[in-house]
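This report looks at one helix and at the charged pairs of a structure, and it is best read with the model open alongside.

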Amino acid sequence: MDNNYIATEDGGISISEDVIATIVSVAAKEVDGVSDLYARMPVELGKKGIKINKPSTKGITIALADDTVDISLDISVKYGVKLPEVATAVQEGVFHAVETMTSLKVRKVTVNIMSVSAVPAEN
């Protein structure tokens with residue numbers, strides 16, 4: 001069975017990694033101080049001027065193992081926020097959202113702050 005398969009009395013439920021990534025994306029963006037997710041564009045594509053339509057799950061990696069999930073996400077934060085506080089709030093929000101909505105056990109959430117937006121945070 002897939003690692004994201006939940007056996008039920010009437011059969012089972014399979015939750016795709018894309019669904020988990022979407023939950024992560026929404027939970028992260030709800031945190032005050034997060035301006036957006038951050039996607040790393042492959043250097044070759046950027047040099048060729050190819051425009052990429054980035055999905056809402058850009059910058060998110062999901063790793064399923066046994067009955068647990070490891071999550072890594074790259075974020076951009078607003079200028080002027082306290083970085084450790086924003087990252088901790090993102091971790092807590094993602095943990096809660098994924099575990100509540102999927103019943104999967106989140107083992108860890110790694111938050112990578114990749115950029116600071118020029119727009120200051122509202123006080």
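## Helix α3 and the salt bridges

In this predicted model, the buried residues of α3 (buried meaning under 20% relative accessible area, exposed over 50%, partly exposed in between, with a 1.4 Å probe and protein chains only) are V86, A87, V90, V94, A97, V98 and T102. Viewed down the axis of α3, these buried residues fall within an arc of 105°, taken from the directions from the helix axis to the C-beta atoms, so they line one face of the helix. The face turned away from that buried side carries the exposed residues P84, E85, E92, H96 and T100. After α3 comes S103, whose phi is positive, near 65°.

The structure holds 3 salt bridges, each defined as a side-chain nitrogen of Lys or Arg within 4 Å of a carboxyl oxygen of Asp or Glu.

| Pair | Closest N and O atoms |
|---|---|
| D36 and K29 | 3.8 Å |
| R107 and D70 | 2.5 Å |
| K105 and E99 | 3.5 Å |

The pair of R107 and D70 links distant parts of the chain, with R107 in strand β6 (residues 105-120) and D70 in strand β5 (residues 68-79), 37 residues apart. R107 counts as exposed at 53% relative accessibility, whereas D70 counts as buried at 15%. K105 is partly exposed at 48%, and E99 is partly exposed at 27%.

Residues are numbered from 1 along each chain as its sequence is written, and side-chain values use heavy atoms, with hydrogens and water left out. Because the model is predicted, local features need pLDDT of at least 70 and side-chain atom pairs count only at pLDDT 80 or more, while totals for chains, interfaces and linings use all residues.

Notes. Helices (H or I, at least four residues) and strands (E, at least two) are DSSP runs, numbered from the N terminus.
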